[in-house]
Amino acid sequence: SAAEKGGYDYFMLKEIAEQPKAVADTLLGRIGADGRLSLDEVRIPDGVLREAQKVVIVACGTAFHAGLIAKYAIEHWTRMPCEVELASEFRYRDPILDHRTLVVAISQSGETMDTLMALRHAREQGAKVLAICNTNGSTIPRESDAVLYTHAGPEVAVASTKAFLTQLVACYLVALYLGQVRGTKWGDEIQAVVKELAEIGTQVEEVLGTMEPVRELARGLAGKNTVLFLGRHVGHPVALEGALKLKELAYMHAEGFAAGELKHGPIALIEEDLPVVVIVPSPRGRSVLHDKIVSNIQEIRARGARTIVIAEEGDETVVPYADHLVRIPVTPTLLQPLVATVPLQVFACELATARGNEVDQPRNLAKSVTVE
Ligand code: G6P
């Protein structure tokens, strides 16, 4: 009913708007005044986390994209090797697992059969499983050794939005907690990140307040067949998520690429007026990444692409190459996906509406897939 949708036309719009609160709720009580983390629900003893030799993340769909981003954070902050695998592929590969492997299963519903079968396989091999889940008491957390709940609240729209942002927050918390417990790199950088993470809801709110031009742009692209998405580093999984949203909602051909792979094939797809969304990393910090992506934007634009550039406030280098410029707040590189994904959600939702599609219930899709 209209009341359930809180005055929005679709659950998806309501859930996009709820993201600042969802993010804040997921952080609530987990960061102490001293900047140290306490994840009380994680019942894997610290000793086990200290002894673990690698992290393996399994998930499907949007949750898989959260896992891809988590890999960057876990490896950078903890120096533990981290693999990320589609749950549906995992056990058929005979993966290498033992009691020193920490498996993280990410699932909004907690009922996805592929993810459940992957975690059962992991536990049979002696691995410890930590679930990141949004649904209290669902099967995946019940069958795991420990759970860290995301507090997005019920997500009704099939295309995941607020659950994704909270999965990212939970992944960052796990990565930071591992760093804290293992004593690796628990220095100024981590302290600064924890501080920024505590403020991130406000930045998501800021992004939401500036989305009208993105909606207008989306409406103007309703007649297109293809949209490409490019990113580097954590911007690559963000590009994959932007493309997935567009497939799910707008039924358009959409693909996400690592920008460095362009020259190895995808650049052949670029033609006059093809919309290409580029997620630009911060020019501060890892500036090499930034320089490389700017030259990628120049390359595609020289071949006629219509560039839609998502870049940090104050980044002026991209201005001459952007046909459309979407500004996002300044964040630490690893946290950028929390703000960079939001315009892509709004973009896909508006394109779906403009194309007359059912936003909350896209064709052929289910909110939770309980078959393998
Ligand atoms: C389905 C949904 C996706 C979701 C995926 C994983 O395919 O349509 O939106 O990302 O399942 O769901 P989970 O509940 O495990 O996160």
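This briefing walks through helix packing, the ligand surroundings and a handful of individual residues. The model is a predicted one. Helix α13 is a good place to start looking, since α11 packs against it with axes within 9 Å and α10 packs against it with axes 8 Å apart. A further pair to look at is α4 and α8, whose axes are 9 Å apart.

**Helix α4 with helix α8**

- Helix α4 covers residues 61-78 and helix α8 covers residues 162-182, and the two pack at an angle of about 25 degrees.
- Because angles under 35 degrees count as roughly parallel, α4 and α8 are roughly parallel to each other.
- Their crossing is right-handed.
- On the α4 side, the contact is made by Thr 62, Ala 63, Ala 66, Ile 69, Ala 70, Ala 73, Ile 74, Trp 77 and Thr 78.
- Facing them from α8 are Phe 164, Gln 167, Leu 168, Cys 171, Tyr 172, Ala 175, Leu 176, Leu 178, Gly 179 and Arg 182.
- Sorted by class, this contact holds 14 nonpolar, four polar and one charged residues.

**Helix α11 with helix α13**

- Helix α11 spans residues 235-250, and its axis crosses that of α13 at roughly 20 degrees.
- That angle makes α11 roughly parallel to α13.
- The crossing of these two helices is right-handed.
- From α11, the contact uses Gly 235, Pro 237, Val 238, Glu 241, Gly 242, Lys 245, Leu 246, Leu 249 and Ala 250.
- From α13, the partners are Pro 337, Ala 340, Thr 341, Leu 344, Gln 345, Ala 348, Cys 349, Leu 351 and Ala 352.
- By class, the contact of α11 with α13 is made up of 12 nonpolar, four polar and two charged residues.

**Helix α10 with helix α13**

- Helix α10, residues 212-220, packs on α13 at an angle of about 40 degrees.
- The two helices are therefore oblique to each other.
- Here too, α10 passes α13 in a right-handed crossing.
- Val 214, Arg 215, Ala 218 and Arg 219 of α10 meet Pro 343, Val 346, Phe 347, Glu 350, Leu 351 and Ala 354 of α13.
- This contact divides into seven nonpolar, no polar and three charged residues.

**Around the ligand**

- The ligand has 16 residues around it, and those that come nearest are Gly 61, Ser 107, Gln 108, Ser 109 and Thr 112.
- Helix α4 gives the most to this shell, with three residues.
- The shell divides into six nonpolar, nine polar and one charged residues.

**Two buried residues**

- Val 346 sits in helix α13.
- Val 346 counts as buried because it has 25 C-beta neighbours inside 10 Å.
- Leaving out residues up to four places away in sequence, Val 346 touches Ile 16, Met 211, Val 214 and Arg 215.
- Val 346 and Met 12 are 334 residues apart along the chain, yet their C-alpha atoms are separated by 9.3 Å.
- Leu 334 lies in the loop between β10 (324-328) and α13 (336-354).
- With 23 other C-beta atoms within 10 Å, Leu 334 is buried.
- Not counting neighbours within four places in sequence, Leu 334 is in contact with Tyr 72, Ala 73, His 76 and Val 234.
- From Leu 334 to Thr 161 the C-alpha distance is 19 Å, with their positions 173 residues apart in sequence.

**Residues with a positive phi, and an exposed glycine**

- Tyr 251 has a phi near 55 degrees, a positive value in a residue other than glycine.
- Look for Tyr 251 in the loop between α11 and β7 (253-258).
- Tyr 251 is partly exposed, with 15 other C-beta atoms within 10 Å.
- Asp 273 also has a positive phi, of about 70 degrees, although it is not a glycine.
- The loop between β7 and β8 (275-279) is where Asp 273 is found.
- Asp 273 counts as exposed, with 10 C-beta neighbours inside 10 Å.
- Gly 47 belongs to helix α3, residues 46-51.
- Gly 47 is exposed, with 9 other C-beta atoms within 10 Å.
- The C-alpha atoms of Gly 47 and Gln 191 are separated by 23 Å, and the two residues are 144 apart along the chain.

Notes. Residues are numbered from 1 along each chain as its sequence is written. This is a predicted model: local features need pLDDT of at least 70, side-chain atom pairs count only at pLDDT 80 or more; totals for chains, interfaces and linings use all residues. Axes are lines fitted to C-alpha atoms, for helices over the stretch in contact, and angles run from 0 to 180 degrees between N-to-C directions. Helices (H or I, at least four residues) and strands (E, at least two) are DSSP runs, numbered from the N terminus. Angles under 35 degrees count as roughly parallel, over 145 as roughly antiparallel, 65 to 115 as roughly perpendicular and the rest as oblique. A crossing is left-handed if the near helix is turned anticlockwise from the far one by less than a right angle, and right-handed if clockwise. Two residues are in contact if their C-beta atoms, placed from the backbone, lie within 7 Å. Ala, Val, Leu, Ile, Met, Phe, Trp, Tyr, Cys and Pro count as nonpolar, Asp, Glu, Lys and Arg as charged, and the others, Gly among them, as polar. A residue is buried if 20 or more other C-beta atoms lie within 10 Å of its own, exposed if 12 or fewer, and partly exposed in between; C-beta atoms are placed from the backbone. A residue is near a molecule or strand if its C-beta atom, placed from the backbone, lies within 6 Å of it.
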